[in-house]
Amino acid sequence: MSASSPDGCRSLIALLQQYQAQLGSYALLSQAPAVMEVLGDQFSAETSLEDIIQCLVAQDLARQVEARRARRA
């Protein structure tokens, strides 16, 4: 699973949302070991899951916009 591919990014977002639902709004990356394995080098263990979700959603949207622009060109 990788945040660099569209499907991987969406899978990570879904997994983070599941952890957040289980652990609560203030859950940290350190509380989500399956995701920490993948994102531990990009985010601090003390980063909130919400912040990571927002970052990944923004990356995914930027990737979609770039893909649409490329198709139009």
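**Entry 1. Fold.** I read the protein chain along its sequence and noted the pattern α-α-α. The model I am working from is predicted. I counted three helices and zero strands in the chain. For the overall extent, I took the box along the principal axes that the C-alpha atoms fill, and recorded roughly 45 × 20 × 15 Å.

**Entry 2. Burial and contacts.** I looked up the share of buried residues and found 30% of the 73 residues in the protein chain. I then turned to contacts between residues at least 6 apart in sequence; of these, 39% join residues at least 24 apart. The exposed area of the chain came to about 4,700 Å², with 51% of it supplied by carbon and sulfur atoms.

**Entry 3. Charges.** I recorded 6 positive and 8 negative charges in the protein chain. I compared their mean positions and noted that these lie 18 Å apart.

**Entry 4. Salt bridges.** How many salt bridges does a search of the whole structure find? I recorded three. I then went through the pairs in turn.

I began with arginine 10 and aspartate 7, whose side chains meet at 3.8 Å, N to O. This pair counts as a salt bridge because the cut-off is 4 Å. Both residues belong to helix H1, which spans residues 6–23, and being three residues apart they are separated by about one helical turn. I checked the exposure of each partner: aspartate 7 is exposed, at 59% relative accessible area, whereas arginine 10 is partly exposed, at 39%.

Arginine 10 also forms a salt bridge with aspartate 60, and I noted 3.2 Å from N to O. This pair links distant parts of the chain, since arginine 10 sits in helix H1 and aspartate 60 in helix H3 (residues 49–72), 50 residues apart. Is aspartate 60 buried or exposed? I found a relative accessible area of 7% for aspartate 60, so this residue is buried, the limit being under 20%.

The remaining entry in my list pairs aspartate 60 with arginine 63, with 3.6 Å between N and O. Both residues lie in helix H3, three residues apart, which is about one turn of the helix. I recorded arginine 63 as partly exposed, with a relative accessible area of 24%.

**Entry 5. The network.** Which residues are linked in a network of salt bridges? I traced Asp7, Arg10, Asp60 and Arg63. Within this network, Arg10 meets Asp7 and also Asp60, and Asp60 in turn meets Arg63. The burial I noted along the way varies: Asp7 is exposed, Arg10 is partly exposed, Asp60 is buried and Arg63 is partly exposed.

**Entry 6. Positive patch.** I next looked for gathered charge on the surface and found a patch of positive charge made of Arg68, Arg69, Arg71 and Arg72. I looked up one of these, arginine 69, and placed it in helix H3. Its relative accessibility is 54%, so I entered arginine 69 as exposed.

Notes. Residues are numbered from 1 along each chain as its sequence is written. This is a predicted model: local features need pLDDT of at least 70, side-chain atom pairs count only at pLDDT 80 or more; totals for chains, interfaces and linings use all residues. Side-chain values use heavy atoms; hydrogens and water are left out. Helices (H or I, at least four residues) and strands (E, at least two) are DSSP runs, numbered from the N terminus. Buried means under 20% relative accessible area, exposed over 50%, partly exposed in between (1.4 Å probe, protein chains only). Contact means heavy atoms within 4.5 Å. Accessible areas come from the Shrake-Rupley method with a 1.4 Å probe; for residues, only the protein chains shown count as cover. Lys and Arg count as positive and Asp and Glu as negative; His and the chain ends are not counted. The place of a charge is taken as NZ of Lys, CZ of Arg, CG of Asp or CD of Glu. Patches are made of residues with over 30% relative accessible area and no salt bridge: like charges are joined within 9 Å, nonpolar side chains (Val, Leu, Ile, Met, Phe, Trp, Tyr) within 5 Å.
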